[in-house]
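Me: Can you walk me through this model? I'm new to this, so keep it plain.

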Amino acid sequence: MESDGIPYTGFLYAGLMISTDGKIKTLEFNCRMGDPETQPIMARLRSDLVNALDHAVDGTLNEVELDWDRRTALGVVLAAHNYPDTPRNGDLITGIPADTEDQLTFHAGTKLQDGKLLTSGGRVMCVVGLSDTVRGAQQKAYEAISKIQFDGMQYRKDIGYRAVK
């Protein structure tokens, strides 16, 4: 792009599928910070994100040294009933544990209405666990998920399994 006179500044996310024999297939490129892809990364960032973004805009990102939590972060998305087709909205969400050093919850498709937390989108939230190992991060995320409840809640139970088998 730069050689065409269109320099790019921003985020670039590459969605890849990597087969067991190492072949790489590109699924997509996104020029944004996608929710479930970014949330585990943001859980590890200890630096001021706004400062880094200011430097990126000014073209001086090379002057910023980011401080990262050394631990592994693993995120599991909780989805609404009938996601991805026609997700149901309005289901009451309960049991979200308080964020800790080892676990946090990012809201995506939620809303507060009359003092109650309700689903309001397909990807309802992402629960992130942090630990020194992938298995530990996985356990932290699923431990938190076991406390969260809403009708029709669905999520993958195999996140990180290849790294821990």
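Reply: Below we go through the strands first, then the hollows.

Me: Is this predicted or what, and how are things counted?
Reply: It's a predicted model, where local features need pLDDT of at least 70 and side-chain atom pairs need 80 or more, while totals for chains, interfaces and linings use all residues. Residues are numbered from 1 along each chain as its sequence is written, and side-chain values use heavy atoms, with hydrogens and water left out.

Me: Ok, which strands form the open sheet, and in what order?
Reply: Three strands do, in the order E3-E7-E4, with antiparallel pairing. Strands (E, at least two residues) and helices (H or I, at least four) are DSSP runs numbered from the N terminus, and two strands pair if DSSP finds at least two bridges between them.

Me: Which are the edge strands?
Reply: Strand E3 (72–79) and strand E4 (103–107), since each of them pairs on one side only.

Me: How many bridges do E4 and E7 have?
Reply: Five, and the two strands run in the antiparallel sense. If you want a spot to look at, find His107, which sits opposite Met125 in E7.

Me: Switching topic, what joins E1 to E2?
Reply: Six bridges do, linking strand E1 (residues 13–18) with strand E2 (residues 24–30) in an antiparallel arrangement. For example, Leu16 has Thr26 in E2 as its bridge partner.

Me: And which residue in that hairpin takes a positive phi?
Reply: Gly22, with a value near 90°. The hairpin of E1 and E2 has five residues between its strands.

Me: Now the hollows. How much space lies in the largest pocket?
Reply: About 1,100 Å³. A pocket here is an open set of points on a 1 Å grid over the protein atoms alone, where a 1.4 Å probe fits and protein lies on both sides within 12 Å along at least five of seven lines. Points are joined across faces, edges and corners, and the volume is the space filled by probe spheres set on them.

Me: Which residues lie nearest its centre?
Reply: Tyr13, Leu16, Glu37, Arg156 and Ile159, out of 26 lining residues (those with an atom within 4 Å of a point). So Leu16, the one whose bridge partner is Thr26, turns up again in this lining. E1, E2, H1, E3 and H4 each supply at least two residues of it.

Me: What's the lining made of?
Reply: It has 16 nonpolar, four polar and six charged residues. Nonpolar is Ala, Val, Leu, Ile, Met, Phe, Trp, Tyr, Cys and Pro, charged is Asp, Glu, Lys and Arg, and the others, Gly among them, are polar.

Me: What about the second largest pocket, what's its volume?
Reply: About 470 Å³. Its lining has 22 residues, and the closest to its centre are Phe11, Met33, Met42, Leu49 and Leu53. Two or more residues come from each of H1 and helix H2 (49–58), and H2 gives the largest share, five residues. By class, this lining has 16 nonpolar, four polar and two charged residues.

Me: And how many cavities of 30 Å³ or more are there?
Reply: One, with a volume of about 40 Å³. In a cavity the probe fits but cannot get out. Its lining includes Asp35, Phe106, Arg123 and Met125, and helix H1 (35–44) and strand E7 (123–131) are the elements giving two or more residues. That brings us back to Met125, the residue opposite His107.
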